[in-house]
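Dear colleague,

Please find below the structure I agreed to pass on to you. My notes on its ring contacts and pockets follow it.

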Amino acid sequence: MRPTHLRCEYLTDPLGIDTPTPRLSWVPPFDQAAYQIKVTGLWDSGCVRSAESLHVQYAGPTLQPRRRYVWRVRCWNRRGEISAWSGPACWTTGLAVPGWQQPQAWDQPHSATDTTMWVGGPGDSPTMVRRSFTLAHRPRQALLFATALGAYETSLNGQRVGDQVLAPEWTDYRQRVQYQVFDVTRLLRTGRNTLVATLAPGWYAGRIGLLGDKNHYGQCLRFRARLYADETPVVHTDGHWEYADRLPIASADILDGEHHDARVKPVWKPAIADSWPSSGPLVAQPNEPVRVTQELRPVSRPASRANVVASASSFATPKS
């Protein structure tokens with residue numbers, strides 16, 4: 001018997017926790033009278049006499065940004081019987097610097113030549129941005145921190161990054177913009193790598209609200225990212241990116257859907273790189289992402305009247 005369903009800030013093994021004292025939760029195997037939490041190599045709560053198993057605050061040394069922390073918990077009942085240790089759970093901290101000052105976390109350079117910027121094209125039509133880089137060897141762990149003004153999806157070496165859709169999700173972009181964290185270790189390779197982001201208007205520049213107005217928060221789609229391999233900064237959004245706004249995705253809108261023309265081939269140009277736009281600070285996404293959870297297949301495919309008429313006409317047409 002051991003504690004189960006370990007959570008950190010309501011999430012299972014979350015990536016990107018931007019709070020200095022995360023709250024830990026679990027389901028005890030019996031009527032709990034005490035607990036003990038261990039964060040590997042960092043903190044041991046000792047035996048704490050408490051029945052609380054929800055939102056127990058971490059109380060160890062200061063957490064560092066972009067680090068993975070592994071934790072376990074065990075419990076005692078009122079008779080003094082002790083459970084086995086839970087299985088391991090983990091959380092990974094976000095980009096916040098010590099002191100958890102959010103805007104500075106992204107603005108702080110990670111090298112002498114770093115100025116992390118927003119990159120994109122000139123307007124609000126679907127846009128792709130890309131950047132190639134070279135690795136001397138595959139990292140043990142690689143984390144991609146990314147966000148956008150508009151909806152975005154990323155790929156690395158032609159493979160989709162993550163499984164969420166409509167990121168970074170709807171916020172009042174003037175107050176805050178959420179960023180997401182992805183473990184991309186298995187997608188990287190020795191030698192040349194290419195990171196691509198596809199941007200769409202989303203809630204930022206697409207149709208929203210009762211009146212269906214466009215460009216409520218802004219007009220130009222932008223992408224922002226940093227990639228770390230084994231704690232070493234590898235690539236960030238700057239003036240070395242390219243963009244293409246002539247895409248097979250001719251248009252995309254949450255209300256209007258998408259229009260594709262597979263004949264179109266992207267034409268790449270130097271990307272526009274902006275400093276901090278008129279938006280709020282970047283904060284780690286605190287909730288479960290939007291994901292595809294089920295696909296519904298049609299039961300049947302009835303022919304429309306137009307198709308029936310067209311078929312009948314084709315058979316009736318005399319052949320020369």
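In this predicted model, Arg-66 sits over the face of Tyr-228, 4.2 Å from the ring centre. A second arginine, Arg-130, lies over the face of Trp-268, at 4.0 Å from the ring centre.

Aromatic rings also meet one another, and the count comes to 11 aromatic pairs. One of these joins Tyr-58 and Trp-91 edge-to-face, with 6.0 Å from centre to centre and 70 degrees between the planes. Tyr-58 belongs to the loop between β7 (56-57) and β8 (68-77), while Trp-91 belongs to strand β9 (residues 89-93), so the pair ties together parts that are 33 residues apart in sequence. Tyr-58 is buried, at 3% relative accessibility, and Trp-91 is likewise buried, at 0%. Both residues are members of one aromatic cluster, formed by Trp-43, Tyr-58, Tyr-69 and Trp-91.

Turning to the pockets, the largest has a volume of about 510 Å³. Its lining comprises 26 residues, with Leu-15, Gln-164, Val-181, Pro-289 and Arg-291 nearest the centre. By class, this lining holds 12 nonpolar, 7 polar and 7 charged residues. Strands β2 (15-17) and β15 (177-183) each supply at least two of the lining residues; β15 gives the most, with 5 residues.

The second largest pocket has a volume of about 360 Å³. It is lined by 15 residues, of which Ala-151, Glu-153, Leu-166, Ala-200 and Glu-258 are closest to its centre. β13 (151-156), β16 (191-200) and β20 (249-253) each contribute at least two residues to this lining, which has 10 nonpolar, 2 polar and 3 charged residues.

With kind regards

Methods. Residues are numbered from 1 along each chain as its sequence is written. This is a predicted model: local features need pLDDT of at least 70, side-chain atom pairs count only at pLDDT 80 or more; totals for chains, interfaces and linings use all residues. Side-chain values use heavy atoms; hydrogens and water are left out. Rings of Phe, Tyr and Trp (its six-membered ring) pair if their centres lie within 6.5 Å; planes under 30 degrees apart count as stacked, over 60 as edge-to-face and the rest as tilted. Helices (H or I, at least four residues) and strands (E, at least two) are DSSP runs, numbered from the N terminus. Buried means under 20% relative accessible area, exposed over 50%, partly exposed in between (1.4 Å probe, protein chains only). A charge sits over a ring if NZ of Lys or CZ of Arg is within 6 Å of the ring centre and within 35 degrees of the ring normal. On a 1 Å grid over the protein atoms alone, a cavity is a set of points where a 1.4 Å probe fits but cannot get out, and a pocket is an open set with protein on both sides within 12 Å along at least five of seven lines; lining residues have an atom within 4 Å of a point. Grid points are joined across faces, edges and corners, and a volume is the space filled by probe spheres set on the points. Ala, Val, Leu, Ile, Met, Phe, Trp, Tyr, Cys and Pro count as nonpolar, Asp, Glu, Lys and Arg as charged, and the others, Gly among them, as polar.
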